[in-house]
Amino acid sequence: MSNLGFDIDGVLYPWQKATEVYLKSFKGIEKPYSEVWKNPDAFMTKAFQKNLCSMEDICTRVLPEKEIIDMLWGLTNKGHTIYYITSRPEEVRTATEMYFQKYGFPQNENIIFTRDKAFYVKLLE
């Protein structure tokens, strides 16, 4: 069977939705994520923008979609090896691992934290 690599944020985890909910709840920003990201400087400081990816609350705020979990289990049951490849920073490693365990992601021991996703994609071929 195949090695399959999936990005976490924006693919398996709705990071944009989580960010939008966070910005609305804690910053009072009532705009959709797509609009905020067209001109983030109008809504957030550069320091805050930089720290968004390091915020555990954003990385774990939204429940995974059942269809995604089912799809991953379907691939696992067919004998594929799944890897989760992310550029999330080390600060959210534990929160990410706990989230994957809590919500039953298959093969959740295969989370790869890296700044060079392309390297691992090639390695898994």
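Modeller: Two rings of Phe, Tyr or Trp count as an aromatic pair if their centres lie within 6.5 Å. By that rule, the structure holds 13 aromatic pairs.

Biologist: Why is the aromatic pair of Phe100 and Phe105 called stacked?

Modeller: The two centres are 4.0 Å apart and the planes differ by 25 degrees. A pair is stacked when its planes are under 30 degrees apart, so an angle of 25 degrees earns the name. Both Phe100 and Phe105 are buried.

Biologist: What makes the pair of Phe119 and Tyr120 edge-to-face?

Modeller: Here the angle between the planes is 90 degrees, with 5.1 Å from centre to centre. The term edge-to-face requires an angle over 60 degrees, and therefore this pair receives it.

Biologist: I should ask about the model itself. How do you know how far to trust it, and what pLDDT does the protein chain average?

Modeller: This is a predicted model. The protein chain averages a pLDDT of 93, and 100% of the residues score at least 70. Among the elements, helix α5 (residues 66-77) has the highest mean pLDDT, 98, and helix α7 (residues 117-124) the lowest, 86. Where pLDDT is low, predicted coordinates should not be read in detail.

Biologist: Which elements does the protein chain have?

Modeller: There are 7 helices and 3 strands. Along the sequence their pattern is β-α-α-α-α-α-β-α-β-α. The C-alpha atoms of the protein chain fill a box of roughly 50 × 30 × 25 Å along the principal axes.

Biologist: How do you know that β1 and β2 pair, and in which sense?

Modeller: Strand β1 (residues 3-7) and strand β2 (residues 81-86) share 5 bridges. Pairing needs at least two bridges, so the condition is met. The sense is parallel, and Leu4 stands opposite Ile82 in β2.

Biologist: How many bridges join β2 to β3?

Modeller: There are 3 bridges between β2 and strand β3 (residues 111-113), which also satisfies the requirement of at least two. These strands run parallel, with Tyr84 opposite Ile111 in β3.

Biologist: What makes the unit of β2, α6 and β3 right-handed?

Modeller: The test is to view the strands pointing away and to follow the path from the first strand over the helix to the second; a clockwise path is right-handed. The β-α-β unit of β2, helix α6 (residues 93-102) and β3 is assigned as right-handed, so its path runs clockwise in that view.

Biologist: Why is Phe100 called buried?

Modeller: Phe100, which is placed in helix α6, has a relative accessibility of 2%. Buried means under 20%, so Phe100 qualifies. Leaving aside neighbours within four places in sequence, Phe100 is in contact with Ile8, Tyr84, Phe105, Asn108 and Ile111. Phe100 also belongs to one aromatic cluster with Tyr13, Tyr84, Tyr99, Tyr103 and Phe105.

Biologist: Are Phe119 and Tyr120 buried, exposed or partly exposed, and why?

Modeller: Phe119 has 44% relative accessibility and Tyr120 has 25%. Values from 20% to 50% fall between buried and exposed, so both residues are partly exposed.

Biologist: Why does Phe6 count as buried?

Modeller: Phe6, in strand β1, has a relative accessibility of 17%. That value is under 20%, and therefore Phe6 counts as buried. Among the residues that Phe6 touches beyond four places in sequence are Leu12, Met71, Leu72 and Ile85. Phe6 and Ile85 are 79 residues apart in sequence, yet their C-alpha atoms are 5.9 Å apart.

Biologist: What share of the residues in the protein chain is buried?

Modeller: Buried residues make up 39% of the 125 residues.

Biologist: How do you know that the charged end of Lys27 sits over the ring of Phe48?

Modeller: The charged end of Lys27 is 4.5 Å from the centre of the Phe48 ring. The limit is 6 Å, so the distance passes, and the direction must also lie within 35 degrees of the ring normal. Arg88 is placed over the ring of Tyr13 in the same sense, with its charged end 5.2 Å from the centre.

Biologist: What value does phi of Gln107 take?

Modeller: Phi of Gln107 is near 55 degrees, a positive value in a residue other than glycine. Gln107 lies in the loop between α6 and β3. With 17% relative accessibility, which is under 20%, Gln107 counts as buried.

Definitions and conventions. Residues are numbered from 1 along each chain as its sequence is written. This is a predicted model: local features need pLDDT of at least 70, side-chain atom pairs count only at pLDDT 80 or more; totals for chains, interfaces and linings use all residues. Side-chain values use heavy atoms; hydrogens and water are left out. Helices (H or I, at least four residues) and strands (E, at least two) are DSSP runs, numbered from the N terminus. pLDDT is the predictor's confidence in each residue, from 0 to 100. Buried means under 20% relative accessible area, exposed over 50%, partly exposed in between (1.4 Å probe, protein chains only). Contact means heavy atoms within 4.5 Å. Rings of Phe, Tyr and Trp (its six-membered ring) pair if their centres lie within 6.5 Å; planes under 30 degrees apart count as stacked, over 60 as edge-to-face and the rest as tilted.
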